[in-house]
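Reader: I should like to learn how to read the features of a protein model. May we work through one example together?

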Amino acid sequence: MDPFTIFALISAASAGVGARAQYVAGKTQEIELKRQAEEEKLAAQSREIERRQQLNRALAANIAAQTQAGITGEGTPASIALASAKEAGLSEATISLSDRLRQAQLRRQAAAAKQTGYLQAGSTLLSAGAQAAQLKV
């Protein structure tokens with residue numbers, strides 16, 4: 001074999017290894033970001049449960065205080081409790097939306113990382129092909 005053929009084979013092998021490494025790096029980053037998104041989902045569920053428990057404790061304490069004070073569940077106290085519950089629900093929805101957006105962002109980053117790995121691998125192979133073509137000229 002002549003030296004140019006040997007060099008072309010070595011270059012092709014090197015490009016293949018480099019392309020594979022870039023593909024694997026992109027895939028690894030995708031997997032990591034998807035794992036982070038799942039962890040964020042679980043953490044958000046845990047935070048939501050904790051917030052609901054706190055809200056239930058506060059509402060129970062208000063009801064107990066009103067009962068001890070002899071206040072009935074009608075009229076202004078009931079209106080205040082309803083408004084407070086609506087406000088808590090709105091706050092909960094906002095927090096939930098924020099959590100879902102954070103998870104979606106991580107999933108988009110995962111897809112982008114995977115795509116970047118593919119593009120870098122393809123670029124490496126094309127570059128090696130161009131170099132090999134220049135050697136033959």
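Author: The dialogue below treats helices, burial and an aromatic pair in turn. This is a predicted model, in which local features need pLDDT of at least 70, side-chain atom pairs count only at pLDDT 80 or more, and totals for chains, interfaces and linings use all residues. Residues are numbered from 1 along each chain as its sequence is written, and side-chain values use heavy atoms, with hydrogens and water left out.

Reader: How many helices and strands are there in the protein?

Author: Helices (H or I, at least four residues) and strands (E, at least two) are DSSP runs, numbered from the N terminus. The protein has two helices and zero strands.

Reader: What percentage of the residues count as buried?

Author: Buried means under 20% relative accessible area, exposed over 50%, and partly exposed in between (1.4 Å probe, protein chains only). Of the 137 residues, 14% count as buried. Leu9, which lies in helix 1 (residues 3-68), is partly exposed at 48%.

Reader: How is a pair of aromatic rings described?

Author: One gives the distance of the centres and the angle of the planes. Rings of Phe, Tyr and Trp (its six-membered ring) pair if their centres lie within 6.5 Å; planes under 30 degrees apart count as stacked, over 60 as edge-to-face and the rest as tilted. This rule yields one aromatic pair here. Tyr23 and Tyr118 are stacked, at 5.4 Å centre to centre with 15 degrees between the planes. The pair links distant parts of the chain, 95 residues apart: Tyr23 belongs to helix 1 and Tyr118 to helix 2 (residues 76-136).

Reader: Are these two tyrosines buried or partly exposed?

Author: Tyr23 counts as partly exposed because its relative accessible area is 28%, and Tyr118 is partly exposed at 35%.
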